[in-house]
Amino acid sequence: KHAGLTRDEVIKLFTSRQYPVYCLGFLCCLPYLGGLPEKLHLPRLATPRTRVVAGSIGIAGEQIVILPLDMPSGFHYLGHTDLRLYNPHEMPPTPISPGDLIEFKNENATHS
């Protein structure tokens with residue numbers, strides 16, 4: 001609604017590019033990605049959610065995050081990945097590094 005786009009238009013726009021990992025921080029291996037299309041820029045929520053599940057893909061401002069753990073968050077969430085982003089028993093503890101390019105796919109898309 002905020003962007004004046006349909007759900008399908010948001011999905012198409014979001015999945016149409018690759019996003020660079022700027023850094024890992026705040027909490028165990030939380031990746032911050034950049035390059036979010038301007039039409040999708042949203043302010044953070046005034047009151048954060050108290051629990052968002054690990055693997056959730058969120059946007060706020062110009063950034064994208066993928067939650068490595070269940071945690072509170074003030075981002076808006078678009079989807080989910082089953083990729084495990086944090087495992088303290090492995091070295092390195094995450095499969096993502098700063099400088100990587102991340103591409104999101106719509107697994108629910110219909111194929112013709």
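Good morning. Contact, in what follows, means heavy atoms within 4.5 Å. With that cut-off in hand, I turn to isoleucine 64 in this predicted model. Not counting residues up to four places away in sequence, isoleucine 64 touches Phe14, Tyr19, Pro31, Tyr32, Leu33, Leu36, Ile57, Gly58, Ile59 and Phe104.

Several of these names return when we look at the largest nonpolar core, which has 16 residues. The members that touch the most other members are Phe14, Leu33, Ile59, Ile64, Ile102 and Phe104. Which elements give two or more residues to this core? They are the helix α1 (7–14) and the strands β1 (18–25), β4 (56–60) and β5 (63–66). A second core, separate from this one, consists of eight residues, among them Leu30, Tyr32, Ala60 and Met71. As a general remark, nonpolar side chains in soluble globular proteins tend to be buried together.

Let me now step back to the overall fold. The protein contains one helix and eight strands. Read from the N terminus, the order is α-β-β-β-β-β-β-β-β. The radius of gyration is 14 Å, close to the 13 Å that the globule rule gives for 112 residues, so the protein is as compact as a globular protein of that length. The C-alpha trace spans about 40 × 40 × 25 Å along its principal axes.

How much of the chain is buried, and how are the contacts distributed in sequence? Of the 112 residues, 33% count as buried. If we take contacts between residues at least 6 apart in sequence, 51% of them join residues at least 24 apart.

Turning to the surface, the protein exposes about 7200 Å², and carbon and sulfur atoms supply 53% of that area. As for charge, there are 10 positive and 10 negative side chains. The centres of these two sets lie 6 Å apart.

I close with one residue of strand β1, leucine 24. Is leucine 24 buried, partly exposed or exposed? Its relative accessible area is 30%, and leucine 24 is therefore partly exposed, given that buried means under 20% and exposed means over 50%. Leaving aside residues up to four places away in sequence, leucine 24 touches Cys29, Leu30, Pro31, Thr94, Ile96 and Pro98. One of these, Leu30, belongs to the second core. Leucine 24 also illustrates a pairing across the sequence: its C-alpha atom and that of serine 97 are separated by 7.3 Å, although the two residues are 73 residues apart along the chain.

Thank you for your attention.

Notes:
Residues are numbered from 1 along each chain as its sequence is written. This is a predicted model: local features need pLDDT of at least 70, side-chain atom pairs count only at pLDDT 80 or more; totals for chains, interfaces and linings use all residues. Side-chain values use heavy atoms; hydrogens and water are left out. Helices (H or I, at least four residues) and strands (E, at least two) are DSSP runs, numbered from the N terminus. The radius of gyration is taken over C-alpha atoms; the globule rule is 2.2 Å times the number of residues to the power 0.38. Buried means under 20% relative accessible area, exposed over 50%, partly exposed in between (1.4 Å probe, protein chains only). Accessible areas come from the Shrake-Rupley method with a 1.4 Å probe; for residues, only the protein chains shown count as cover. Lys and Arg count as positive and Asp and Glu as negative; His and the chain ends are not counted. The place of a charge is taken as NZ of Lys, CZ of Arg, CG of Asp or CD of Glu. A nonpolar core is a set of buried Ala, Val, Leu, Ile, Met, Phe, Trp, Tyr and Cys residues joined through side-chain atoms within 4.5 Å.
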